[in-house]
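The following explanation leads the reader through the aromatic rings of one structure and the contacts they make.

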Amino acid sequence: MIDLKAVFAHIERNRDAFLERLFEYVSQPTISAHGIGIEAAAAFLVDLLKQIGIECEAVPTPGCPIVVGRWLESPVLPSALLYGHYDVQPPDPLDAWVSPPFEPTIRDGRIYARGVGDNKGQHFANLLALESILACEGHLPCNVTFLLEGEEEVGSPHIAGFMEERKESLRADLAITSDGSVHESGRPCVTYGVRGVASFELRARGAKRDVHSGNLGGIVPNPLWDLVHLLATMKNESGEITIDGLYDDVEPPTPREREALDALPYDTIRIMNELDLDRLDAPQERSIADRLAVWPTLTINGLHGGYSGEGMKTVLPCEAIAKCDIRLVHDQSRDDILAKVEAHVREYAPHVEFVSYGGMEPSKTPIESPFTEPIRQGIIDAQGEEPLLVPALGGTLPDYVFTRILGIPSFVVPYANADEANHAPNENLELERFFSGIRTGAAILAHLGAVPR
Ligand SMILES: [Zn+2]
């Protein structure tokens with residue numbers, strides 16, 4: 001095992017230098033949505049990785065280049081793939097920033113800059129972790145592949161194809177993503193998966209034009225009623241989705257997941273107060289943690305048709321549209337669920353058109369993974385606190401590229417503060433979280449190196 005004390009001391013001695021280098025990195029606008037600064041940032045990263053001594057290239061894709069860096073220590077040691085993204089969200093609205101988005105500034109113990117939390121400060125911390133271990137030990141405790149993409153903020157359109165093509169060369173024992181934020185309670189956390197999403201639209205049509213509700217109401221079918229009846233067959237008042245087979249692949253949490261879910265400190269009252277709610281969605285007794293990690297949801301995103309302007313209009317509309325999404329849990333699959341929804345529509349409302357909008361696969365890594373322990377130990381060594389284990393995030397990320405395409409366990413170990421304001425003005429990263437991120441990256445690699453293969 002490497003001497004972590006010495007590595008932590010090295011990080012401590014280099015605080016100013018590390019900060020200066022982070023500032024240089026976040027000063028570069030790298031806005032994928034606008035195609036700004038992408039090639040330059042990829043070149044900057046390649047240089048940086050090479051300076052650290054890591055073999056590296058910027059691999060072109062049909063979109064932005066993906067920077068791949070590799071350190072092969074020994075074939076008998078575990079291999080970790082560290083993922084991050086060098087693109088950032090557009091900084092607008094500019095006048096809402098206290099200091100300019102690409103002029104990093106420290107105020108009240110926080111670094112303010114676009115991309116400092118999402119995601120430059122986080123993967124840069126991992127790069128510095130590796131550099132610090134090399135500076136102290138001259139070698140790494142395990143094999144490491146860095147994978148830094150430039151299109152995460154526009155939905156990672158090329159990462160899956162990239163992975164498919166390089167399945168063999170990218171194969172690792174595990175993937176680690178340092179992105180997102182620690183738990184809202186401030187506790188460090190490890191996330192084991194994300195929900196997926198399947199989106200679709202339902203289109204109902206009646207007459208070829210809107211008609212008079214008195215002259216033709218009761219004669220001409222009403223597409224809005226068609227959708228209301230159809231939607232009512234898809235979810236009942238108890239909150240249960242009633243599409244045939246939808247729960248077929250929903251697995252109950254394992255005992256270890258149950259324990260982890262029950263330990264998550266969600267403040268239901270605070271959430272209700274913040275949103276001005278007097279009740280939660282059905283079923284009432286379900287915990288917030290279970291709602292987000294264990295169960296799929298069916299949401300009507302929009303229901304449109306007819307007249308909703310001022311006053312009344314006695315019209316019978318000719319068309320109605322519902323837009324919906326289903327959040328998927330492991331082991332559900334996007335295409336299977338969309339096929340089940342389509343079959344349901346065919347059965348209950350054959351005249352309603354079903355339009356698939358695709359979506360993203362869910363992903364999950366078992367909490368029982370042998371890598372849970374080294375990651376947990378690394379976090380404790382670096383931050384002095386027991387991490388919360390989060391079985392799945394409620395939202396969707398392309399985590400399936402690791403679990404489903406590469407077939408490896410994947411862990412999200414975030415370093416940013418929960419109020420990092422990512423995607424918003426005044427994005428920030430607490431200074432101490434940046435340095436504890438460097439320590440955490442180093443400590444996790446150190447513990448991974450000790451895992452028997
Ligand atoms: Zn983002």
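**Aromatic contacts around Y25**

In this predicted model, Y25 and F44 are both buried. Their rings form a stacked aromatic pair, with 5.4 Å from centre to centre and 20° between the planes. Y25 belongs to helix α2 (residues 15-26) and F44 to helix α3 (residues 38-52), so this pair ties together parts of the chain that are 19 residues apart in sequence.

Y25 also forms an aromatic pair with F124. This second pair is tilted, its centres being 5.6 Å apart and its planes 45° apart. It links distant parts of the chain, since Y25 lies in helix α2 and F124 in helix α4 (residues 116-137), 99 residues apart.

Why does Y25 count as buried? Its relative accessibility is 0%, and a residue is called buried because its relative accessible area falls under 20%. F124 likewise counts as buried because its relative accessibility is 0%. Through ring pairs, Y25, F44 and F124 are linked into a cluster.

The ring of Y25 has a charged neighbour as well: the charged end of K120 sits over this ring, 5.1 Å from its centre.

**Other ring contacts**

A charge over a ring is also found at W295, where the charged end of R286 sits 3.9 Å from the ring centre. As for ring pairs, the count for the model comes to 7 aromatic pairs, among them the stacked pair of Y25 with F44 and the tilted pair of Y25 with F124.

Technical notes. Residues numbered from 1 in each chain as written. Predicted model: local features only at pLDDT ≥ 70, side-chain atom pairs only at ≥ 80, totals over all residues. Heavy atoms only, no water. Phe/Tyr/Trp six-rings, centres within 6.5 Å; stacked < 30°, edge-to-face > 60°. Helix = DSSP H or I, 4+ residues; strand = E, 2+ residues; numbered from the N terminus. Buried < 20%, exposed > 50% of the residue type's maximum accessible area, 1.4 Å probe, protein only. Lys NZ or Arg CZ within 6 Å of the ring centre and 35° of its normal.
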